[in-house]
Amino acid sequence: MPADLYDVISRRRDVRTQFTGEPVDEEILLRVLGAAHAAPSVGLTQPWDFVLVRNLELRRRFQQHVAEERDTFARALSGERAATFARISVEGVLQASLGVVVTYDPERGAPAVLGRHAIADTGLYSTCLAIQNLWLATTAEGLGVGWVSFYREPFLQDLLGIPEHVRPVGWLCLGPVTHLEETPDLERHGWRQRRPLEDAVHVDRYRAPEPSTAGAAVHSSPRAVEGRQAAS
Ligand SMILES: Cc1cc2nc3c(=O)[nH]c(=O)nc-3n(C[C@H](O)[C@H](O)[C@H](O)COP(=O)(O)O)c2cc1C
């Protein structure tokens, strides 16, 4: 497998506009789905499924629904937020080679799911870990993924024949890309900046964020975190 893990983690990006639309090699697709399927899961339930959406008409209908949901969100914005959001693309449904809809089935392995009795969300967490495995594997393979969540779950259930108790967790646009950006799109377009690592690390007790550093786009070194720990 190409590339070192940390390198893949830092190169991974959410892709919207860089898809080429070229077909994905079937062997590579199976490898990245295998990586997703190797994720940890609560009680070894493996509660995910992967619906590969290749049909153009289905993708067109989904894309139309996403456009409506985008409008719904946009209508709630005003001023600078509205102007900034207008410049941001939120999906590459038709530009990507295919869609991969990842679902969560809470009934798999139920009722005695080992580890889920106190925290029901652990099943969803497991599904998200599968998605992250898939996302990193596609990056390692030189492909791109874009997670789309601008949809209503009943619409997607109906579109793909997903049973009522099974939740569609995300529509992943997947395929070859021209390149991966170094900076997240939302940061490039001035929507929001990444937090410094030291703001996210707490020692012994959760502390309130310090307003002076909130929103700063700084990539912290472990040394900076050590400094914060020593000062506290
Ligand atoms: C649960 C989840 C839902 C997301 N939904 C969307 C979406 O609907 N549209 C979109 O353009 N990006 C979506 N994203 C991508 C995020 O905007 C992106 O991960 C974030 O801006 C950081 O950029 P990066 O992934 O390139 O590091 C989603 C990401 C996650 C984890």
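Strands β3 and β4 (residues 167-176) pair in the antiparallel sense, and six bridges link them. This pairing belongs to a predicted model, in which the protein has nine helices and four strands. Of its 232 residues, 26% are buried. The points below begin with the sheet and then turn to the helices, the ligand and the loops.

**The sheet**

- The four strands form an open sheet in the order β1-β2-β4-β3, with antiparallel pairing. Its edge strands are β1 (48-53) and β3, each of which pairs on one side only. On average, neighbouring strands of this sheet are turned by 25° against each other, with direction ignored.
- Within the pairing of β3 and β4, Gly146 has Cys173 of β4 as its bridge partner.
- Strand β2 (residues 98-104) also pairs with β4 in the antiparallel sense, over seven bridges. Thr103 has Pro168 of β4 as its bridge partner, and Tyr104 stands opposite Arg167 in β4.
- On the side of β1, six bridges join β1 to β2, and the two strands run antiparallel. Here Trp48 stands opposite Tyr104 of β2.

**Burial of the strands**

- Strand β3 (residues 143-148) is largely enclosed by the rest of the structure, because five of its six residues are buried.
- Strand β2 is mostly covered, with six of its seven residues buried.

**Helices around the sheet**

- Helix α5 (residues 122-140) contains 19 residues. From its first C-alpha to its last it reaches 27 Å, which is close to the 27 Å expected at 1.5 Å a residue.
- The buried residues of α5 include Gly123, Ser126, Thr127, Ala130, Ile131 and Leu134. An α-helix has 3.6 residues a turn, so residues three or four places apart point the same way.
- The buried residues of α5 pack against α1, α2 and all of the strands β1, β2, β3 and β4.
- Just after α5, Gly142 takes a positive phi of about 80°.
- Helix α6 (residues 153-160) lies across β1, β2 and β4, and runs at about 70° to β4.

**Contacts between distant parts of the chain**

- From the N terminus on, the elements follow the order α-α-β-α-α-β-α-β-α-β-α-α-α.
- Among contacts between residues at least 6 apart in sequence, 83% join residues at least 24 apart.
- Ile9, in helix α1 (residues 5-11), illustrates how remote positions can come together: its C-alpha atom and that of Ala140 are separated by 9.0 Å, although the two residues are 131 apart along the chain. Ile9 is partly exposed, because 14 other C-beta atoms lie within 10 Å, and a residue needs 20 or more to count as buried.
- Pro47 lies in the loop between α2 (26-37) and β1. It counts as buried because it has 26 C-beta neighbours inside 10 Å.
- The C-alpha atoms of Pro47 and Gly109 are separated by 8.1 Å, with these positions 62 residues apart along the chain as the count of places apart.
- Residues up to four places away in sequence aside, Pro47 touches Ser41, Tyr104, Asp105, Pro106, Arg108, Gly123, Ser126 and Thr127.

**Surroundings of the ligand**

- Arg13, Asp14, Arg16, Val90, Glu91, Trp147, Val148, Ser149, Phe150, Pro184 and Leu186 surround the ligand.
- This shell consists of six nonpolar residues, one polar residue and four charged residues.

**Unusual backbone geometry**

- Most residues other than glycine have a negative phi, and most peptide bonds are trans. The residues below depart from these patterns.
- The peptide bond from Ala110 to Pro111 is cis, with omega near 10°. Pro111 is in the loop between β2 and α5.
- Gln46 is a residue other than glycine with a positive phi, near 40°. Its place is in the loop between α2 and β1. Gln46 counts as partly exposed because it has 18 C-beta neighbours inside 10 Å.
- Asp204, likewise not a glycine, has a positive phi near 70°. It is found in the loop between α8 (197-200) and α9 (222-231). With 7 C-beta neighbours inside 10 Å, Asp204 counts as exposed.

Key: Residues numbered from 1 in each chain as written. Predicted model: local features only at pLDDT ≥ 70, side-chain atom pairs only at ≥ 80, totals over all residues. Buried ≥ 20, exposed ≤ 12 C-beta atoms within 10 Å, placed from the backbone. Near = placed C-beta within 6 Å. Nonpolar A, V, L, I, M, F, W, Y, C, P; charged D, E, K, R; others polar. Pairing = 2+ DSSP bridges. Axes fitted to C-alpha atoms, helices over the stretch in contact; angles between N-to-C directions. Contact = placed C-beta atoms within 7 Å. Expected span 1.5 Å × (residues − 1).
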